[in-house]
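Student: Got a minute to walk me through this structure? I'd like to go over the contacts and the buried parts.

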Amino acid sequence: MATLQVTFKDLREEVQRYLGYGRETPYGGGSALTASNRGDVLVCIERGLRQFYNPAPLPNESSSHEWSFLRGEGVIATVAPHTDSTIDSISGTTVEGNSGTNFTSAMVGRLLHVNNEIREITAFTDADTITIDRALETAISADSTVSYEIIANKYSLPADFGGLKGNVTYRDGDGYTQLKFINESAIRMLRSQGTILTEVPEYFSIVPTAVSNETTSAQAFELTIWPFPDKVYDLNFSYTVLPNSLGDDADSTGFDNNVPAGGMIHGETIMASCLTIAEQMVDEFNNPGKMQARYNDRLMASISYDRRNMLPDGFGYNGDNSDRRLEVPTRRRLQTVTYRDTLYP
């Protein structure tokens with residue numbers, strides 16, 4: 001059965017027609033668009049999607065709408081401290097473990113805690129040898145049996161992570177415990193005070209990984225925790241998802257059936273957003289703002305739908321329940337708020 005779902009093919013055909021390239025002209029293969037034309041089409045679609053996913057605030061609103069369909073669920077399993085066997089020696093930056101230390105390459109980037117000092121592990125040699133970033137204040141001589149622990153101090157967030165929504169929690173018995181969100185400098189201050197703690201985590205912060213313009217990788221983020229986890233905890237969280245591109249400008253049609261996030265309900269708004277970019281590219285002076293006006297109307301309709309059908313009716317009645325006996329609040333107490341024709345759920 002045919003559906004009303006909007007696909008990459010639908011978007012590119014309408015953009016091709018607006019740009020004058022011909023709606024039926026193949027995107028790839030024989031008699032296809034030129035590489036330059038494909039680049040134009042893809043630019044209109046990708047810019048249009050970015051514009052839709054991060055819309056400008058509506059009139060009389062101070063912030064842009066956050067789409068309900070761009071919310072994902074994530075789980076990060078913390079790592080228990082590694083304490084197998086003992087340290088034989090630490091000379092300079094080389095750490096030699098006694099038999100059974102079982103070092104692994106996954107430990108690179110984690111922290112070695114020994115003699116109340118912390119050093120970052122920078123390289124893995126074998127199951128008994130690792131390298132740390134700098135020497136200890138007091139070296140550990142050969143044939144020692146010094147206890148240690150290797151701590152995971154940071155955890156990678158999903159590649160499509162675009163921002164935290166709500167709280168980070170973990171199961172504690174029959175319920176969930178919430179971690180407190182603080183900034184990264186506060187985490188460093190906590191880690192620098194007193195002894196090194198490995199116990200139940202209480203605080204977390206989100207920090208970007210190394211930022212560089214000389215990379216093809218997207219910006220990534222990490223979660224840091226204090227105290228260092230003493231065992232495995234499943235940290236649950238919701239986040240804003242950053243969608244990938246629907247296609248590329250290669251001589252291929254393998255992505256024609258790709259579907260943009262938002263689905264059929266928002267398909268016309270996505271289409272209008274892409275055509276707005278096409279208008280800016282080729283027709284802005286001769287036909288200024290007609291597609292932009294169309295997109296603005298569609299955007300308001302999409303936001304209205306998203307607020308009314310995909311979010312709760314309200315936060316509930318704000319009271320201590322002392323003025324009623326019913327366990328279920330009446331509908332009158334769950335009404336939403338409207339100000340200057342703008343609905344606030």
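Tutor: Let's go through the overall make-up, the cores, the cysteines, the salt bridges and a couple of loops.

Student: Is this experimental or predicted?

Tutor: The model is predicted.

Student: How many helices and strands does the chain have?

Tutor: The chain has five helices and 18 strands. Of its 345 residues, 37% count as buried. The chain exposes about 19500 Å², with carbon and sulfur atoms supplying 48% of that area.

Student: And what share of the contacts join residues at least 24 apart?

Tutor: That share is 67%, counted among contacts between residues at least 6 apart in sequence.

Student: OK, on to the core. Which residues have the most contacts inside the largest nonpolar core?

Tutor: Leu11, Val15 and Ile45 do, in a core of 30 residues. At least two residues of this core come from each of α1 (8-19), α2 (35-53), α4 (267-282) and α5 (290-309).

Student: What does Val15 touch?

Tutor: Leaving out residues up to four places away in sequence, Val15 touches Val41, Cys44, Ile45, Cys274 and Leu275.

Student: What about a second core, what's in there?

Tutor: There is a separate one of 16 residues, and among them are Ala152, Phe161, Phe204 and Tyr239. As a general point, nonpolar side chains in soluble globular proteins tend to be buried together.

Student: Back to those two cysteines. How many disulfides are there in the whole structure?

Tutor: A search turns up zero disulfides. For Cys44, the nearest cysteine sulfur is that of Cys274, 7.8 Å away. A pair would need its sulfur atoms within 2.5 Å to count as a disulfide.

Student: Are they buried or exposed, Cys44 and Cys274?

Tutor: Cys44 is buried, at 0% relative accessible area. Cys274 also comes out at 0% and counts as buried.

Student: Switching to the outside: which residues form the nonpolar patch on the surface?

Tutor: Leu4, Met264, Ile265, Tyr305 and Met310 form it, and together they have about 490 Å² of accessible area. Met264 sits in the loop between β16 (234-241) and α4. With a relative accessibility of 41%, Met264 is classed as partly exposed.

Student: Now the charges. How many salt bridges are there?

Tutor: The count is twelve. One of them pairs the side chains of Glu66 and Lys165, at 2.0 Å from N to O.

Student: Where do Glu66 and Lys165 lie?

Tutor: Glu66 is in the loop between α2 and β1 (71-77), while Lys165 is in strand β9 (residues 161-172), so the salt bridge ties together parts that are 99 residues apart in sequence. Glu66 is partly exposed, with a relative accessible area of 44%. Lys165 is partly exposed too, at 21%.

Student: Hm, why doesn't Lys165 count as buried at 21%?

Tutor: Because buried means under 20% relative accessible area, and Lys165 has 21%.

Student: Fair enough. What about Glu117 and Arg119, buried or exposed?

Tutor: Both are buried. Glu117 forms a salt bridge with Arg119, and their closest N and O atoms are 2.8 Å apart.

Student: And Asp133 with Arg134, what's the N to O distance there?

Tutor: That salt bridge comes in at 3.3 Å. Asp133 is partly exposed at 36% relative accessible area, and Arg134 is partly exposed at 44%.

Student: Which residues are joined into one network by salt bridges that share partners?

Tutor: Lys9, Glu13, Glu14, Arg17, Arg23 and Glu24 are.

Student: Last topic, loops. Where is His82?

Tutor: His82 is in the loop between β1 and β2 (87-91). It is buried, with 14% relative accessible area.

Student: What does His82 touch?

Tutor: Not counting residues up to four places away in sequence, His82 touches Thr101, Asn102, Met107, Tyr148, Glu149 and Ile150. The C-alpha atoms of His82 and Met107 are 9.4 Å apart, with the two positions 25 residues apart in sequence numbering.

Student: And Ala139, buried or exposed?

Tutor: Ala139 is exposed, at 55% relative accessible area. Its place is in the loop between β6 (129-132) and β7 (149-151). Ala139 and Ser89 are 50 residues apart in sequence, yet 7.8 Å apart in space, C-alpha to C-alpha.

Methods: Residues are numbered from 1 along each chain as its sequence is written. This is a predicted model: local features need pLDDT of at least 70, side-chain atom pairs count only at pLDDT 80 or more; totals for chains, interfaces and linings use all residues. Side-chain values use heavy atoms; hydrogens and water are left out. A nonpolar core is a set of buried Ala, Val, Leu, Ile, Met, Phe, Trp, Tyr and Cys residues joined through side-chain atoms within 4.5 Å. Buried means under 20% relative accessible area, exposed over 50%, partly exposed in between (1.4 Å probe, protein chains only). Helices (H or I, at least four residues) and strands (E, at least two) are DSSP runs, numbered from the N terminus. Contact means heavy atoms within 4.5 Å. Patches are made of residues with over 30% relative accessible area and no salt bridge: like charges are joined within 9 Å, nonpolar side chains (Val, Leu, Ile, Met, Phe, Trp, Tyr) within 5 Å. Accessible areas come from the Shrake-Rupley method with a 1.4 Å probe; for residues, only the protein chains shown count as cover. A salt bridge is a side-chain nitrogen of Lys or Arg within 4 Å of a carboxyl oxygen of Asp or Glu.
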